[in-house]
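Hello, and thanks for sharing this one. Here are a few friendly notes to read alongside the coordinates.

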Amino acid sequence: MNIDATVYEAAVPMRRPFTHAGRARDRSESVLLRLRLDGAVGWGEAAPRPYVTGETVPGVLRAFEGLDLPGLVARIDSGSLDGALASLAALDLPELGGASGPAPAAAAALETALLDAVCRLHGRPASEALYRAGLPGAMLRPRPGPVPVALVADLSRDPAAMLDALPPATLQRLTHVKVKATPDVAACLRRLPGVRSRVAPGTSVSLDVNAAWEVGEMLAAAPALAAAGLSWIEEPTRPRQWSALRRLREHGVRVMLDESFADATDLARAAEAGAADLVNIRVSKCGGPLRAARLAARARQAGLGFQLGVQVGEVGPLWAAGRLLGTVLAGAVTVEAGRQDEWFPPELTEPAYRVDRARYLAPPLTGEGIGLVPTGALLERCRPHARWETGDRAWVPA
Ligand SMILES: [Mg+2]
């Protein structure tokens with residue numbers, strides 16, 4: 001099989017920064033991977049976040065430099081889509097981090113690019129791969145379709161003012177509103193009634209703390225948090241404080257894990273400790289769309305619910321992979337789609353990013369593979385880092 005590949009660093013400026021308790025972001029921090037298998041080109045993207053998986057952009061670039069690409073591709077049975085899916089499932093891609101530990105974001109880029117290329121090789125949409133991935137039938141919609149997506153209010157704007165700016169019909173249609181928290185628990189509690197009172201009774205509301213609260217302060221506020229009308233609180237304190245999370249749950253607060261959860265080990269520990277009700281499944285954090293879907297299935301098996309979330313600043317293949325999960329999988333408590341229409345110019349991908357903002361509905365992508373390709377306009381904003389040409393034995397600096 002002829003193989004070539006290019007790895008790019010993508011630092012695309014955002015038109016408006018996004019702010020949460022962990023940090024403010026004003027550009028994408030992604031690594032793009034273009035992988036050609038014979039006549040089919042697949043694309044993948046990593047969004048490494050030190051505060052989520054411990055990965056960085058230079059770390060992902062190093063992980064790729066250490067990758068024996070033909071050796072890896074030789075382990076994929078590309079003769080049929082089912083064969084390719086089985087061999088992809090058998091690979092432990094996050095282990096490509098080697099001695100430096102699991103590298104789920106790098107693995108996500110690789111799994112997405114391999115899935116995209118293999119599906120295109122067979123002229124099939126990636127949704128078909130998801131239907132054939134052996135997931136429980138109850139987790140699959142009858143066919144891919146538009147999915148309601150959450151409104152996420154970051155700290156750069158007052159959430160109540162953000163809701164007031166929506167047309168009344170849109171406001172009434174919202175299925176979920178997620179509010180980003182500050183480190184000040186009392187200030188967060190004061191903001192919530194303004195959100196709850198503006199949305200329909202059936203709209204769920206959550207608070208994403210991004211690990212910013214002190215354990216003591218959080219537990220002292222537990223009765224007030226339980227009475228605040230929240231559907232759940234996402235990652236309230238430092239990651240993996242299992243007993244503190246269990247104590248919070250004992251007050252009647254539902255807990256969603258995000259930074260505390262990246263793989264099956266986290267899932268098992270949290271379930272055993274009684275530390276969670278839900279997990280946030282995100283493609284970049286969970287090692288790729290197929291791996292993320294399997295983790296969602298494991299969460300269900302452990303009695304936990306799941307959200308399909310995104311990384312802020314996804315520029316192309318990652319949002320397509322997230323859209324794939326959101327429009328195929330059933331049973332998520334809510335689905336996020338990002339706000340690329342506000343953050344980035346529309347010409348970065350073909351087709352362009354799209355969400356119906358009047359109805360907060362994300363349509364599925366169609367066509368072969370993951371359904372999009374980066375445009376020249378995106379690649380102009382990326383820096384090629386390394387190339388693998390057909391017949392090479394190693395990456396060469398680009
Ligand atoms: Mg989160």
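1. Let me start with a cluster of charges. In this predicted model, a network of salt bridges links Arg16, Asp154, Arg157, Arg339 and Glu342. Across the structure, the count of salt bridges comes to 28. Three individual pairs are taken up in the points below.

2. The pair of arginine 34 and aspartate 4 is a salt bridge whose closest N and O atoms are 3.0 Å apart. Arginine 34 belongs to strand β4 (residues 30–37) and aspartate 4 to strand β1 (residues 3–10), so this contact ties together parts that are 30 residues apart in sequence. How accessible are the two partners? Aspartate 4 has a relative accessibility of 12% and counts as buried, while arginine 34 is partly exposed at 22%. With buried defined as under 20% relative accessible area, you may like to keep that cut-off in mind when reading these two values.

3. Next comes arginine 357, which forms a salt bridge with aspartate 341; here the closest N and O atoms are 2.8 Å apart. Where do the partners sit? Aspartate 341 is in helix α16 (residues 340–343), and arginine 357 is in the loop between β14 (349–350) and β15 (361–362), so the pair joins parts that are 16 residues apart in sequence. Arginine 357 is partly exposed, with 23% relative accessibility, and aspartate 341 is also classed as partly exposed, at 30%.

4. A third pair to look at is arginine 381 with glutamate 347, a salt bridge with its closest N and O atoms 3.9 Å apart. Both residues are in loops: arginine 381 between α17 (376–380) and β17 (382–388), glutamate 347 between α16 and β14, so parts that are 34 residues apart in sequence are tied together. The salt-bridge cut-off is 4 Å, which is worth remembering for this pair. Arginine 381 is partly exposed, at 33% relative accessibility, and glutamate 347 is partly exposed too, at 38%.

5. Finally, a residue away from the charge pairs: is alanine 299 buried or exposed? Alanine 299 counts as buried, with 0% relative accessibility, and is part of helix α14 (residues 289–301). Setting aside neighbours within four places in sequence, alanine 299 contacts Leu267, Val279 and Leu304. For a distance check, the C-alpha atoms of alanine 299 and alanine 47 are 23 Å apart, with their positions 252 residues apart along the chain.

Terms used
Residues are numbered from 1 along each chain as its sequence is written. This is a predicted model: local features need pLDDT of at least 70, side-chain atom pairs count only at pLDDT 80 or more; totals for chains, interfaces and linings use all residues. Side-chain values use heavy atoms; hydrogens and water are left out. A salt bridge is a side-chain nitrogen of Lys or Arg within 4 Å of a carboxyl oxygen of Asp or Glu. Helices (H or I, at least four residues) and strands (E, at least two) are DSSP runs, numbered from the N terminus. Buried means under 20% relative accessible area, exposed over 50%, partly exposed in between (1.4 Å probe, protein chains only). Contact means heavy atoms within 4.5 Å.
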